[in-house]
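Open the structure in your viewer and show the side chains as sticks. The tour goes from one selection to the next.

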Amino acid sequence: MNTPSPDAKAATLHYGDGEFAVIGAGSYVRCAVTQQAIPLSALRYWSAERQEAYVGPLQFLEAATGRPASPHKGRE
């Protein structure tokens with residue numbers, strides 16, 4: 001994921017089911033779990049219920065369950 005440029009601004013979004021609406025202009029949002037910047041063009045995971053964005057599915061699961069998600073659990 002790209003780091004936003006120093007002059008980039010965080011967007012304010014409203015997360016819906018299957019889509020989001022930009023309510024404050026910007027080029028990225030922060031992952032609720034990792035605080036990593038997510039460019040809006042790369043945003044694929046969020047919670048409409050919690051109004052949070054996530055870098056990926058593991059971070060979504062971590063937020064949803066309250067415990068760290070392991071990418072290898074159950075694949076051994």
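Start with strand β1, residues 12-15. Leu13 and Tyr15 point to one face and are buried, while Thr12 and His14 point to the other face and are not buried. In a regular strand, side chains alternate between the two faces of the sheet. Keep in mind that this model is predicted.

Next, add strand β2, residues 20-24. β1 and β2 run antiparallel and are joined by four bridges. The two strands form a hairpin with four residues between them. Select Gly18 in that turn: its phi is positive, at about 85 degrees.

Now return to Tyr15. Which residue in β2 is its bridge partner? The partner is Phe20. Keep both selected and add Trp46, since Tyr15, Phe20 and Trp46 form one aromatic cluster.

How many aromatic pairs does the structure hold? There are three. Look at Phe20 with Trp46: this pair is edge-to-face, with 5.3 Å from centre to centre and 90 degrees between the planes. Phe20 lies in β2 and Trp46 in strand β5 (residues 45-47), so the pair links distant parts of the chain, 26 residues apart. Phe20 is partly exposed, with a relative accessible area of 28%, whereas Trp46 counts as buried because its relative accessibility is 18%, and the cut-off for buried is under 20%.

Last, select Tyr54 and Phe60. They also form an edge-to-face aromatic pair, 5.6 Å centre to centre with 75 degrees between the planes. Is Tyr54 buried or exposed? Tyr54 counts as buried, at 1% relative accessibility. Phe60 is partly exposed, with a relative accessible area of 30%.

Key:
Residues are numbered from 1 along each chain as its sequence is written. This is a predicted model: local features need pLDDT of at least 70, side-chain atom pairs count only at pLDDT 80 or more; totals for chains, interfaces and linings use all residues. Side-chain values use heavy atoms; hydrogens and water are left out. Rings of Phe, Tyr and Trp (its six-membered ring) pair if their centres lie within 6.5 Å; planes under 30 degrees apart count as stacked, over 60 as edge-to-face and the rest as tilted. Buried means under 20% relative accessible area, exposed over 50%, partly exposed in between (1.4 Å probe, protein chains only). Two strands pair if DSSP finds at least two bridges between them.
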